[in-house]
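Colleague: I should be grateful for a close look at a single part of this protein. Please choose one region, set it briefly in its context, and explain each term as you come to it.

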Amino acid sequence: AVHHLDKDGMFIITTPNSFGIHRVVRDCCFGLNSDPICNTQHTLWHSPRTLITILSRYDLEIVDIKFYSYNKIMHLIFRALGAEKLLPHIFLATKKK
């Protein structure tokens with residue numbers, strides 16, 4: 001992807017959050033060996049740290065990182081509680097250094 005970016009281009013990533021509340025609760029209630037509840041197209045679960053580490057290896061810098069939920073009520077509640085990092089999805093914007 002880096003080779004295809006223009007000088008001022010941005011690379012946008014959206015992915016499930018490996019530390020989203022839905023996964024944490026499921027793992028605590030049903031054990032770490034429970035079958036993953038995910039889209040079968042996702043073959044690897046990422047956290048903000050893994051994404052930042054991978055992107056830095058390719059000379060990409062983070063412009064913005066957000067956590068979100070398609071459920072608007074859940075999103076508002078977690079934002080109000082200051083617990084956005086537990087939302088189920090990550091949105092990350094990056095560009096060349």
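Modeller: Of the contacts in the protein between residues at least 6 apart in sequence, 70% join residues at least 24 apart, where a contact means heavy atoms within 4.5 Å. The model is predicted, so local features need pLDDT of at least 70 and side-chain atom pairs count only at pLDDT 80 or more, whereas totals for chains, interfaces and linings use all residues. Residues are numbered from 1 along each chain as its sequence is written, and side-chain values use heavy atoms, with hydrogens and water left out.

The protein contains three helices and three strands, arranged along the sequence as β-α-α-β-α-β. Helices (H or I, at least four residues) and strands (E, at least two) are DSSP runs, numbered from the N terminus. Of the 97 residues, 32% are buried. Buried means under 20% relative accessible area, exposed means over 50%, and partly exposed lies in between (1.4 Å probe, protein chains only).

The part I have chosen is the surroundings of two histidines. Histidine 89 belongs to strand β3, which covers residues 89-96. It counts as buried because its relative accessibility is 18%. Its C-alpha atom lies 5.8 Å from that of threonine 15, although the two residues are 74 apart along the chain. Leaving aside residues up to four places away in sequence, histidine 89 touches Thr15, Pro16 and Asn17, together with Lys66, Phe67, Tyr68, Ser69 and Tyr70.

Histidine 46 is found in the loop between α1 (21-30) and α2 (48-57). With a relative accessible area of 15%, histidine 46 is buried. Thr15, Pro16 and Asn17 are among the residues that histidine 46 touches, and the others are Ser18, Leu51, Ile54 and Ile90, again not counting residues up to four places away in sequence. Its side chain also makes a polar contact of 3.1 Å with the side chain of threonine 50. A polar contact is a pair of N or O atoms within 3.5 Å; within protein, one must be able to donate a hydrogen and the other to accept it, and residues adjacent in sequence count only if both atoms are side-chain atoms.

Two neighbours of histidine 89, Tyr68 and Tyr70, deserve a separate word. Tyrosine 68 is buried at 18% relative accessibility, whereas tyrosine 70 is exposed at 66%. Rings of Phe, Tyr and Trp (its six-membered ring) pair if their centres lie within 6.5 Å; planes under 30 degrees apart count as stacked, over 60 as edge-to-face and the rest as tilted. One aromatic pair is counted by this rule. Tyrosine 68 and tyrosine 70 form it edge-to-face, at 5.6 Å centre to centre and 80° between the planes.

The largest nonpolar core has 11 residues, including Leu51, Phe67 and Ile90. Such a core is a set of buried Ala, Val, Leu, Ile, Met, Phe, Trp, Tyr and Cys residues joined through side-chain atoms within 4.5 Å. At least two of the residues in this core come from each of α2, β2 and β3. To return to the chosen part, histidine 46 touches Leu51 and Ile90, while Phe67 is among the residues that histidine 89 touches.
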